[in-house]
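Q: I should like to learn how to read the features of a protein model. Could you take me through them one at a time?

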Amino acid sequence: MKKYFSLTASFLMLFISCSGYSLDDTVFIPDPEDSNLPAYTEWGYNSFGAIYERDYFVSSSTVVPCKIIYNEGRLEFFLLGHLKYSGDMSLHFSFPSSPMTDWRDLLSLHGTVIDLTGDGCEVEWKHSVRPLPGSHLTFSRVQLLRVDGVENRVILSGRFDIKFLMDGQPQTLSNGRFDLGINKDFYSYSFQ
């Protein structure tokens with residue numbers, strides 16, 4: 001596994017150096033089946049996307065795509081981007097979590113599936129919504145990226161699907177995927 005990850009990190013650094021991107025940039029690699037969505041990768045491209053009804057909610061190169069905050073037993077996970085046909089938008093997940101004081105603690109999310117209908121889970125899309133059965137957030141792979149032997153960031157890769165009622169009508173955010181590099185943009189705090 002270490003050999004594979006070193007090769008992966010080496011390839012990522014080669015791609016970034018040859019393309020002019022930095023590790024903090026958003027890189028949109030189109031999905032081969034739906035070019036309006038980013039391909040699912042585990043490379044830390046700082047991108048995400050989902051289908052919202054007949055629109056696309058995707059990351060933007062002008063906004064930091066993700067913010068994560070741990071506070072008093074809860075992890076707050078924000079995806080910040082835009083709807084292709086409607087403008088800026090954010091998706092906010094909140095769920096119970098073990099304590100996290102540093103961005104490296106996010107490694108504990110590897111392989112975690114959050115049932116968004118579970119106790120203590122909340123989702124905001126335009127406003128607070130109540131997810132319906134089958135709604136989930138999955139952290140498929142969480143890995144530590146080292147650059148020149150120094151821990152640089154945690155790469156969070158996963159998927160989400162959410163069904164909910166809004167103003168009495170069924171809505172969906174489907175085929176969601178994310179691939180995000182998190183380091184100093186992780187915040188941990190407690191209110192006193």
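The dialogue below takes up strands, aromatic pairs, salt bridges and cysteines in turn.

Q: What kind of model is this?
A: This is a predicted model.

Q: Let us begin with a strand. How many of the five residues of β2 are buried?
A: Burial is read from relative accessible area, with under 20% counting as buried. In this structure five of the five residues of β2 are buried, so β2 is largely enclosed by the rest of the structure. The cover extends to both faces: Asp-55, Phe-57 and Ser-59 are buried on one side, and Tyr-56 and Val-58 on the other.

Q: Which strands pair with β2?
A: Strand β1 (residues 47-52) runs antiparallel to β2 and is joined to it by four bridges. Within this pairing, Tyr-52 stands opposite Asp-55. The two strands form a hairpin with two residues between them, and Glu-53 in the turn has a positive phi of about 55°. Strand β4 (residues 74-83) also pairs with β2 in the antiparallel sense, over three bridges. There, Leu-83 is the bridge partner of Phe-57.

Q: Now the aromatic residues. How many aromatic pairs does a search of the whole structure find?
A: The search finds ten aromatic pairs. One of them joins Phe-57 and Trp-125: their ring centres are 4.9 Å apart and their planes stand at 75°, so the pair is edge-to-face. Because Phe-57 lies in strand β2 and Trp-125 in strand β7 (residues 122-125), the pair ties together parts that are 68 residues apart in sequence. Phe-57 counts as buried at 0% relative accessibility, and Trp-125 is buried with a relative accessible area of 0%.

Q: What is the arrangement of the aromatic pair formed by Phe-160 and Phe-178?
A: That pair is stacked, with 6.5 Å centre to centre and 20° between the planes. Phe-160 belongs to strand β10 (residues 150-166) and Phe-178 to strand β11 (residues 169-182), so the pair ties together parts that are 18 residues apart in sequence. Both Phe-160 and Phe-178 are buried. They also belong to one aromatic cluster with Phe-77, Phe-93, Phe-95 and Phe-139.

Q: Which residue lies over the face of Tyr-40?
A: Arg-159 does, at 4.2 Å from the ring centre.

Q: How should salt bridges be read, and how many does a search of the whole structure find?
A: Side chains of opposite charge can pair when their charged atoms come close. The search finds seven salt bridges here. Among them, Arg-153 pairs with Asp-24, the closest N and O atoms being 3.0 Å apart. Arg-153 is in strand β10 and Asp-24 in the loop between α1 (2-19) and β1, so this pair ties together parts that are 129 residues apart in sequence. Arg-153 counts as buried at 5% relative accessibility, whereas Asp-24 counts as partly exposed at 45%.

Q: Where do Arg-177 and Asp-31 lie, and are they buried or exposed?
A: Arg-177 forms a salt bridge with Asp-31, with the closest N and O atoms 3.1 Å apart. The pair links distant parts of the chain: Arg-177 is in strand β11 and Asp-31 in the loop between α1 and β1, 146 residues apart. Both residues are buried.

Q: Which residues are linked in a network of salt bridges?
A: The network links Asp-102, Arg-104, Arg-146 and Glu-151.

Q: Finally, how many disulfides does the structure hold?
A: The structure holds zero disulfides. Cys-66 counts as buried at 3% relative accessibility, and Cys-121 counts as buried at 17%.

Key:
Residues numbered from 1 in each chain as written. Predicted model: local features only at pLDDT ≥ 70, side-chain atom pairs only at ≥ 80, totals over all residues. Heavy atoms only, no water. Disulfide = S-S within 2.5 Å. Buried < 20%, exposed > 50% of the residue type's maximum accessible area, 1.4 Å probe, protein only. Phe/Tyr/Trp six-rings, centres within 6.5 Å; stacked < 30°, edge-to-face > 60°. Lys NZ or Arg CZ within 6 Å of the ring centre and 35° of its normal. Pairing = 2+ DSSP bridges. Salt bridge = Lys/Arg side-chain N within 4 Å of Asp/Glu carboxyl O.
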